[in-house]
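Work through the exercises below with the sequence and the 3D view at hand. Try each task before reading its solution.

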Amino acid sequence: MAYCTLRGAEAGHDPEFGASIQWDVPLLDGYSWTHVPNRGSGAESFFGLFNPRMGKLIRSGKFDAVLCFIGYVRATFWMALLAAKLSKSAFLFGTDTTTLAPRDGRAWKTAFKKIFWPRLFRLADQVLVPSFRLARRDAFPRHPW
């Protein structure tokens with residue numbers, strides 16, 4: 001297990017909560033893990049999560065699969081995808097979205113997602129979908145599900 005940030009494991013400001021957050025139980029105890037340092041700003045932006053050593057870790061690890069729970073709107077997602085493909089590891093990523101509707105209501109984003117998401121999801125060897133509503137055919141009208 002490789003973590004790109006220790007937000008929560010270590011006390012730190014969480015912009016979504018607007019407060020300093022730290023887990024109240026030691027969730028990292030009891031199993032092997034590593035921290036790949038974030039060289040990004042930590043902000044909620046593309047380069048907010050920028051872990052250049054992730055690629056080397058994946059390529060040198062000879063992993064059967066890479067399971068990525070970093071959103072595609074972060075640089076590290078794309079680094080992990082490229083490294084997995086170069087090392088011939090299966091690439092799996094998760095999503096919890098249930099709709100094409102953007103949070104900010106901008107119509108152009110819906111059109112963009114209809115074109116971009118099927119292509120994005122085809123990059124993965126497997127997409128993990130924990131949401132019930134995501135399986136609806138109208139969520140991804142062009143996908144062959």
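The exercises concern a predicted model and go from the whole chain to single residues.

**Exercise 1.** Find how many helices and strands the chain has, and in what pattern they follow along the sequence.

Solution. Step 1: count the elements; the chain holds 3 helices and 7 strands. Step 2: read along the sequence, which gives β-β-β-β-α-β-α-β-α-β. Step 3: turn to burial; of the 145 residues in the chain, 32% are buried. Step 4: look at contacts between residues at least 6 apart in sequence; 59% of them join residues at least 24 apart.

**Exercise 2.** Work out the strand order of the open sheet formed by 3 strands, and state which strands stand at the edges.

Solution. Step 1: the order is β5-β6-β7, with parallel pairing. Step 2: β5 (65–68) and β7 (126–128) each have a single partner strand, so one side of each has no neighbour in the sheet and both stand at the edges. Step 3: neighbouring strands of this sheet are turned by 20° against each other on average, direction ignored. Step 4: take the pair of β5 and β6 (residues 90–94), which is parallel and has 4 bridges. Within this part of the sheet, Cys68 stands opposite Phe93 in β6. Step 5: add the helix; α2 (residues 75–86) packs on the sheet and touches β5 and β6. The direction of α2 makes about 155° with that of β6.

**Exercise 3.** Determine the sign of phi in Lys62 and in Lys88, and decide whether each residue is buried or exposed.

Solution. Step 1: recall that most residues other than glycine have a negative phi. Step 2: Lys62 has a positive phi, near 50°, and Lys88 also has a positive one, near 60°. Step 3: place them in the chain; Lys62 is in the loop between α1 (53–61) and β5, while Lys88 is in the loop between α2 and β6. Step 4: apply the cut-off, since exposed means over 50% relative accessible area. Lys62 has 75% and is exposed; Lys88 has 76% and is exposed too.

**Exercise 4.** Identify which residues make a nonpolar surface patch of about 320 Å².

Solution. Step 1: the patch is made by Met1, Tyr31 and Trp33. Step 2: locate Met1, which is in the segment before β1 (2–3). Step 3: check its exposure; Met1 has a relative accessible area of 60%, so it is exposed. Step 4: turn to the surface of the chain, which comes to about 9700 Å², with 58% belonging to carbon and sulfur atoms.

Conventions: Residues are numbered from 1 along each chain as its sequence is written. This is a predicted model: local features need pLDDT of at least 70, side-chain atom pairs count only at pLDDT 80 or more; totals for chains, interfaces and linings use all residues. Side-chain values use heavy atoms; hydrogens and water are left out. Two strands pair if DSSP finds at least two bridges between them. Helices (H or I, at least four residues) and strands (E, at least two) are DSSP runs, numbered from the N terminus. Axes are lines fitted to C-alpha atoms, for helices over the stretch in contact, and angles run from 0 to 180 degrees between N-to-C directions. Contact means heavy atoms within 4.5 Å. Buried means under 20% relative accessible area, exposed over 50%, partly exposed in between (1.4 Å probe, protein chains only). Patches are made of residues with over 30% relative accessible area and no salt bridge: like charges are joined within 9 Å, nonpolar side chains (Val, Leu, Ile, Met, Phe, Trp, Tyr) within 5 Å. Accessible areas come from the Shrake-Rupley method with a 1.4 Å probe; for residues, only the protein chains shown count as cover. A salt bridge is a side-chain nitrogen of Lys or Arg within 4 Å of a carboxyl oxygen of Asp or Glu.
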